[in-house]
Amino acid sequence: VMARGIDGTPQTPWQDIEAPLFALRAMGAEVDPEEAEVLPKIMDMFARFPQHPRLRYAATLVIGRYTEWTYEHPQYVPFQLSYIVEGFKDREIAAASAQALKYLCQDCSRFLAAHWAELLQFFAETASSGTLEDADVIEFAEALAHVVSAVQAPETPAALEAFCLPVARELDALLKRAEAFERDGAQAALLLDRLGVFLRFVHVDGNAPAEDLIARIILQTWPLVAAVLHRFAADAQVAESACKFLRVTAEFYGAVLRPEIGQVVDAIVNAFRSTGLGVYLWLARRIIGVSSTLATDNAAALQLTATIVERMSEAALSLFATTSFSDAPETTEDYFRMIERAVETAPGYVLNMNMFPLIFQAAAAALDVNHFHAQIAVLRAWAQFLGPTRRHLRLIRDSSADSHYDAYPVNRVVDLCAANGLDVAARLLLGMMHRFDRENVAEAADVFVSLTVIASDGPCIITAQLENPPLPTVCEWAQTALTQVPEANLSTADKQAFLQDLADHIQRRQWSKVKSLVSDFSASFWRRNSAKN
């Protein structure tokens, strides 16, 4: 079909060629990279295609889709690179060119490494021309990172400097400029994105001079990032770019960032305190996730996690004291995802913190949040609070030994559940009945069961009274919660039937049946009352 389109009359519609190109792109995953009969004939046609932007756009995407094939047929690299580069001159094609170049450089970097200087020069010219959208500039930067990774060791430092230093100089000049412009924030964000993406995808492992140079670049760039955060902390776009850059340095260059991690934490805490933007909590969670590489030893890593949790929580709880969780759903989600990661990473430190009872109470109040993703984050934080304690209690009961939880603060969690369980149980039960998104009910039911196990068996187990029956505490909490539901929505008979079944399952320690009971009860209530509404 494409051959007929190329060899047809000048009036042949370009759509006659475009449609097969889309089909060719769609079947890319099914084509053997070593195929040598049909694809070479197709690729040879590209140079003869009519000059139409829509057609060139489709052809460029095909090149990007078949870069694994091109790796096995490197004779096509020069033409494909030229074809892609030519597309950057046309705004209609530039996005496709950026994407195709990224994949060509990723899969065929060994064949392009010798041309790194020309590619960097072309990048500098194109990025400053205004032809590309910001997202296309970032894809181009990623493409260059793959090429620089393939550059031979003696030349690698020069290639790194050629990309990174101009970006750093431009950012430094922007920050030092006496006159401020409206686009300064967006430009600072783009520069950080370019450098962050490049550092994310460039690989120089084992090349000592290149590794040393990257370390110097990161340490020299950090004061600039700190200045950006100080100046543009409340600008969501800039904050996101700065945090993404710091996430790259923390996760991929942790040993390099280690000397500055205290300053990084200070900067993001101050930025969050002044703006309330959730992206700073997102970065805090990522730092906690790699705390072992950002600290000199395990004790320092645990202390780093505890410090972040304490300082971020002070700021977050201050915010939530004046702003409801539902009015700040993204911040709620990011905060409790950070807390979940922290408890998973350092339970002994976090659960024993002096301010953890305040975090526990805030998590209870946050169960009222009415946004889907925030609900998930809060419920998963609760799963992390209660799930491990439930498992440890089972181990203790099964073994009649204390050794299983010497390092885990079981007592702390049991005491917190005893003190705050009514509030938590009521919000969970009423939430499952009418407030939680239906997709989140199963997770909420799991949390309710964990709370039930801890409140029913925990006090007896931690005092070694293993022969005692489960306490009826959760039934009392559930009864109190259900008094808030009007008779018109739930009859007294239905309430009593539910409470009786709950008491029976608890006394028999049939925890899976407790989950089924609360799930079915809340689903039945929701169906009946949603129909009324």
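This short talk walks through the aromatic rings, the nonpolar core and one covered helix of a predicted model.

Let's start with the rings. A search of the whole structure finds 21 aromatic pairs. Take Phe-122 and Phe-140. Their ring centres are 5.8 Å apart, and their planes sit at 45°. Planes under 30 degrees apart would count as stacked, and over 60 as edge-to-face, so this pair is called tilted.

Where do these two residues sit? Phe-122 is in helix α9, residues 116-129. Phe-140 is in helix α10, residues 134-149. The pair therefore ties together parts that are 18 residues apart in sequence.

Are the two rings buried or exposed? The cut-off for buried is under 20% relative accessible area. Phe-122 has 17%, so it counts as buried. Phe-140 has 0%, so it is buried as well.

Now a second pair, Tyr-335 and Phe-336. This one is edge-to-face. The centres are 4.9 Å apart, with 75° between the planes. Tyr-335 is buried, at 0% relative accessibility. Phe-336 is buried too, with a relative accessible area of 0%.

Back to Phe-122 and Phe-140. Both belong to one aromatic cluster. The other members are Phe-88, Phe-123, Phe-163 and Phe-198.

Rings can also have a charge over them. Arg-56 lies over the face of Tyr-83, 3.9 Å from the ring centre. Arg-200 does this with Phe-201, at 4.6 Å from the ring centre.

Next, the core. The largest nonpolar core has 193 residues. Which members touch the most others? They are Tyr-280, Trp-382 and Phe-385. Helix α24, residues 410-435, gives this core its largest share, 13 residues.

Look at Phe-385 in detail. Leave out residues up to four places away in sequence. Phe-385 then touches Ile-339, Val-343, Phe-356, Ile-359, Phe-360, Ala-363, Tyr-408 and Val-413.

Tyr-280 takes us to the last stop. It is one of the buried residues of helix α17. That helix covers residues 279-289 and is mostly covered: nine of its eleven residues are buried. Alongside Tyr-280, the buried set includes Val-279, Leu-281, Trp-282, Leu-283 and Ala-284. Arg-285, Ile-287 and Ile-288 are in the set as well.

What do the buried residues of α17 pack against? Six helices, one by one: α13 (208-232), α14 (236-252), α16 (261-275), α18 (291-294), α19 (298-320) and α20 (329-345).

That's the tour. Thanks for listening.

Methods:
Residues numbered from 1 in each chain as written. Predicted model: local features only at pLDDT ≥ 70, side-chain atom pairs only at ≥ 80, totals over all residues. Heavy atoms only, no water. Phe/Tyr/Trp six-rings, centres within 6.5 Å; stacked < 30°, edge-to-face > 60°. Helix = DSSP H or I, 4+ residues; strand = E, 2+ residues; numbered from the N terminus. Buried < 20%, exposed > 50% of the residue type's maximum accessible area, 1.4 Å probe, protein only. Lys NZ or Arg CZ within 6 Å of the ring centre and 35° of its normal. Core = buried A, V, L, I, M, F, W, Y, C linked by side-chain atoms within 4.5 Å. Contact = heavy atoms within 4.5 Å.
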